[in-house]
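Thanks, everyone. I will go through one model today, helix by helix, and then turn to the cores and a few single residues.

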Amino acid sequence: MATAAEWWSAARPRTLPAATAPVLVGTGAAAQAGGAHLGRAVLALGVGLAIQIGANYANDYSDGVRGTDVNRVGPMRLVASGAALPRQVKTAAIGALGLGALLGVGLVAWSGVWWLLVAGVAAVVAAWTYTGGRRPYGYSGLGEVGVFMFFGLFAVLGTTASQRGYLTWPAWLGAVSIGLLACALIMANNLRDIPTDVLAGKRTLAVRLGEERARWLYAAFVVLPVPLGAACAFVAPWSLLVVLCLAPAVVLAVMVLAGVRGRGLIPVLTFTGQLELVFAVLLGLGLAL
């Protein structure tokens, strides 16, 4: 039986900044537009974390039963390692996604922004079909598109809308920025997994582009959010705080462009998640001030 530590590792905590960052930026944008709502922000955070963990367990289950995770480098895989039965991991995934859906319904009812219900249903379906179902879009090179939409645009804009009822252009810039950083996170993951994904027939965007072009795309994903976030300074001057992220973003881009691979990409994945979180804190604070 898998230990609690193994279940936590399989939840992939390095990816959780992708669920936290949109709420920080969306709440900052709401504050800039006239006032944030702490209770709805906390509820939105619960939705994001539950869906992220559910998606990670769903990926563990689906990739495990497909055999994709054999000899995979990276975090603990419960199904592939045999530490947990596939049905146990599937149940955990459904439970986490169900919790996210329940919290989402509460947020919709509280805010009265009913279009968020459609976005929430789409997010839960996308979390499962990333690697699950007959035609998982993560196997077709569309993973970054899904991450950009659901952990960038929908998550940031949904957070702002749930607190203010409308959207502003700083919220849109923040959403694009966070979406790009979330794409950098998944690209670092997929760069690491190119050798095993090729063998398993998993055609991620990194596999389709080839290693060199995928590395350049990662560099763009990780650097472009800084000028986009800084552009919010036209209405919120403290948004220039995000310029502090430029140096670490460039360092990460250089590391990847220099050809680090395999286990060497695990620190890149960790630092990319940390960069996304720091960027969100700085931009959210800058917008609020």
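Let me start with packing. The buried residues of helix H6 pack against three helices: H3 (38–66), H5 (86–111) and H7 (143–164). Keep in mind throughout that this is a predicted model.

Which residues of H6 are buried? They are Leu116, Ala119, Ala123, Ala126 and Ala127. Seen down the axis of H6, these buried residues fall within an arc of 100°, so they line one face of the helix. The general background is simple: an α-helix has 3.6 residues a turn, so residues three or four places apart point the same way.

The length of H6 can be checked too. The helix runs over residues 115–129, and at 1.5 Å a residue its 15 residues should span 21 Å. The C-alpha atoms at its ends are 22 Å apart, which agrees.

Now H5 against H6. Their axes come within 9 Å and cross at roughly 170°. An angle over 145 degrees counts as roughly antiparallel, and H5 and H6 are therefore roughly antiparallel to each other. On the H5 side, the residues that meet H6 include Ile94, Leu97, Ala101 and Val105. On the H6 side, Leu116, Leu117, Val124, Ala127 and Trp128 take part. Leu116 and Ala127 were also among the buried residues of H6.

One more residue in H5 is worth a look, namely Leu102. Is Leu102 buried or exposed? Leu102 is exposed, with a relative accessible area of 59%, and the threshold for that word is over 50%. The C-alpha atom of Leu102 is separated by 10.0 Å from that of Ala50, 52 residues away along the chain.

A second helix pair is H2 and H14. These pack at an angle of about 10°, with their axes 7 Å apart. That makes H2 roughly parallel to H14. The contacts from H2 include Pro17, Leu24, Val25 and Gln32, and those from H14 include Gly273, Leu277, Val281 and Ala288.

Next, the cores. The largest nonpolar core has 47 residues, and Met187, Leu191, Tyr218 and Val222 touch the most other members. Helices that give two or more residues to this core include H2, H7, H8, H11 and H14. Which helix gives the largest share? That is H8, with twelve residues.

H8 itself is mostly covered, as 21 of its 24 residues are buried. By the same length check, H8 should span 34 Å at 1.5 Å a residue, and its end C-alpha atoms are 35 Å apart, which agrees.

Take Leu191 from the core. Leaving out residues up to four places away in sequence, Leu191 touches Ala206, Glu211, Ala214, Arg215, Tyr218, Val256 and Leu265. Apart from this core lies another, of twelve residues, among them Ala2, Ala10, Val79 and Ala83.

Last residue: Leu246, in helix H13. Leu246 is partly exposed, with a relative accessible area of 36%. What does Leu246 touch, not counting residues up to four places away in sequence? The contacts are Val223 and Val226. Leu246 and Val223 are 23 residues apart in sequence, yet their C-alpha atoms are 6.8 Å apart in space.

That is the tour. Happy to go back to any of the helices.

Key
Residues numbered from 1 in each chain as written. Predicted model: local features only at pLDDT ≥ 70, side-chain atom pairs only at ≥ 80, totals over all residues. Heavy atoms only, no water. Helix = DSSP H or I, 4+ residues; strand = E, 2+ residues; numbered from the N terminus. Expected span 1.5 Å × (residues − 1). Buried < 20%, exposed > 50% of the residue type's maximum accessible area, 1.4 Å probe, protein only. Arc of directions from axis to C-beta. Contact = heavy atoms within 4.5 Å. Core = buried A, V, L, I, M, F, W, Y, C linked by side-chain atoms within 4.5 Å. Axes fitted to C-alpha atoms, helices over the stretch in contact; angles between N-to-C directions. Parallel < 35°, antiparallel > 145°, perpendicular 65-115°, else oblique.
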